[in-house]
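Thanks for making the time this morning. I would like to walk you through one sheet and then one spot on the surface, so please bring the structure up on your screens.

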Amino acid sequence: MGMMDRIEAIPLESMRLGMHWDWETFPEYMDSLARHGLGVNVGALVPFSPLRGYVLGMLPARERTSVTEAELNQMKQLFYDGMKAGGFGFALDKNMEDRPEEGGFLPSHVASDEEFCALAEVLGDFPMSHMGGTIGLGYTPEERDHVRGMLKEMMRLSGRPLQILDTDSTTETYAEWVRSCRDEGLSLYIQALCPPDFSERYRLSEYNRFDYMPSWVDPFVGNAEERAAKMRNPEVRARMKQDLEKWPNNRTKWTYITVLETVLERNHRYEGMSVAELAEATNKEPLDAFLDLALDEGLETEFRLAFPAPSPEQSKARGQRFTDPHTHISASDGGAHTKYLTLSTWPIWWLSYWVRDLEIMSLEQAHFKMSALPAWITSFKDRGTLRVGNWADIIVYDLNELGFKHERPIYANDFPGGERRIIQKPRGLRYTIVNGTVTFEENTCTGSLPGKLLRSYDMV
């Protein structure tokens with residue numbers, strides 16, 4: 001839970017209050033899901049990092065770079081047990097932006113290639129299975145090539161599909177890797193993020209999305225007071241400035257970050273300024289202006305990261321990637337980072353912006369991309385298409401009205417324990433139907449829980 005609190009910004013207290021803790025192993029977790037009411041259908045992947053942590057102990061699993069033969073065999077057996085219980089495969093995280101609560105590494109960051117390949121071999125015994133993974137920020141080109149080579153070997157050993165979210169998808173090296181996988185007959189599928197608006201709103205007292213820069217990790221670990229003490233240290237700032245040059249990213253492009261809301265009256269004049277403008281107004285370097293304003297307000301200043309609207313040419317180029325037959329549109333990170341942003345808006349963006357407004361493909365093709373194709377990749381039987389005899393999982397909507405209720409996402413305090421999250425409600429959705437039962441009428445929950453636990457062995 002500590003890892004999920006920091007990495008995915010899911011409040012720790014909400015997890016303590018909101019989850020059922022009547023399980024220990026993955027098969028027991030599956031049984032727990034089956035016992036309790038579900039609003040949606042659930043198919044689960046065995047998660048690599050908790051699996052490694054269960055065998056080695058969670059803290060050693062974040063540090064040790066290899067395992068003994070006995071430990072590897074135990075990992076393989078536990079994974080096999082999880083697959084026999086109905087798991088759909090396993091998931092791994094190779095995104096160096098994802099750091100646990102103390103700022104170190106995930107078990108999947110430090111694990112040897114041997115471990116991943118061993119689980120891939122086990123996966124080959126289960127025909128209705130796949131692998132899911134993320135390659136993210138914080139890698140040198142050589143390190144990224146190594147991870148991609150390992151993923152390719154895992155596909156060879158398992159004979160099963162890999163779904164990957166790669167944040168480097170615009171680079172030529174990425175395109176070469178994808179082409180080489182397909183030329184070798186490997187089943188590689190790309191999960192695409194389609195929202196054109198990736199805006200975030202955050203306070204430095206709790207933010208963690210700079211963790212892809214090594215020297216920025218520790219200053220953003222701890223409570224507000226602990227963070228503030230580190231951010232005031234000139235040596236820490238000097239290292240942070242060096243990382244800005246080594247790891248350039250839109251998240252620290254100072255013209256994209258604006259002062260959304262200040263705490264103190266004397267700082268209200270800075271609201272609406274970009275950090276670049278703030279730096280000019282205060283005669284400071286941008287990083288210093290950014291940190292000093294936040295420190296003056298106990299790190300409770302609210303900032304907004306917003307990318308400029310894409311040009312028609314940029315939208316066209318990005319839309320062309322979505323038409324790739326091996327790309328599906330279903331990556332939402334739906335329950336994650338909800339202190340800062342919401343990406344679960346992707347179905348509305350996909351159908352309204354890309355399909356209705358830009359017309360990059362037909363409506364039928366768009367639905368294939370978001371339902372039929374991912375259902376086929378993951379071997380979900382009788383799902384993903386509107387067909388007699390299939391499970392009735394249906395969204396009824398008015399295409400012309402699709403949009404968002406709020407101009408920008410808003411805060412709601414509706415997590416267990418009254419914890420805060422960012423939400424964005426849709427317009428134009430009429431009904432959400434799960435297994436033939438209406439669960440939402442527009443934005444109103446009916447309270448019905450018709451969802452089912454899906455087990456991979458039922459898909460044969």
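**A four-stranded sheet and a surface patch**

Let me begin with a single pair of residues: Phe440 stands opposite Cys445, which belongs to β18. This is a predicted model, and I will speak of it in that sense throughout.

The strands in question are β17 and β18, the latter covering residues 444-445, and they pair in the antiparallel sense over 2 bridges. They make a hairpin with 2 residues between the strands, in which Glu442 takes a positive phi near 55 degrees.

Going the other way from β17, which spans residues 437-441, we find 4 bridges joining it to β16, residues 429-434, again antiparallel. Here Thr432 is the residue that stands opposite Phe440. This hairpin also has 2 residues between its strands, and in the turn Asn435 has a positive phi of about 50 degrees.

β16 in turn pairs with β11 in the antiparallel sense, over 4 bridges, and Tyr397 has Leu429 in β16 as its bridge partner.

Taken together, the 4 strands form an open sheet with antiparallel pairing, in the order β11-β16-β17-β18. Because β11 (394-397) and β18 each have a single partner strand, they stand at the edges, and one side of each is left without a neighbour in the sheet.

Finally, the surface: Met1, Met19 and Trp21 form a nonpolar patch there, with about 300 Å² of accessible area together. Met1 lies in the segment before α1 (2-7), and it counts as partly exposed because its relative accessibility is 39%.

Conventions. Residues are numbered from 1 along each chain as its sequence is written. This is a predicted model: local features need pLDDT of at least 70, side-chain atom pairs count only at pLDDT 80 or more; totals for chains, interfaces and linings use all residues. Side-chain values use heavy atoms; hydrogens and water are left out. Patches are made of residues with over 30% relative accessible area and no salt bridge: like charges are joined within 9 Å, nonpolar side chains (Val, Leu, Ile, Met, Phe, Trp, Tyr) within 5 Å. Accessible areas come from the Shrake-Rupley method with a 1.4 Å probe; for residues, only the protein chains shown count as cover. A salt bridge is a side-chain nitrogen of Lys or Arg within 4 Å of a carboxyl oxygen of Asp or Glu. Buried means under 20% relative accessible area, exposed over 50%, partly exposed in between (1.4 Å probe, protein chains only). Two strands pair if DSSP finds at least two bridges between them.
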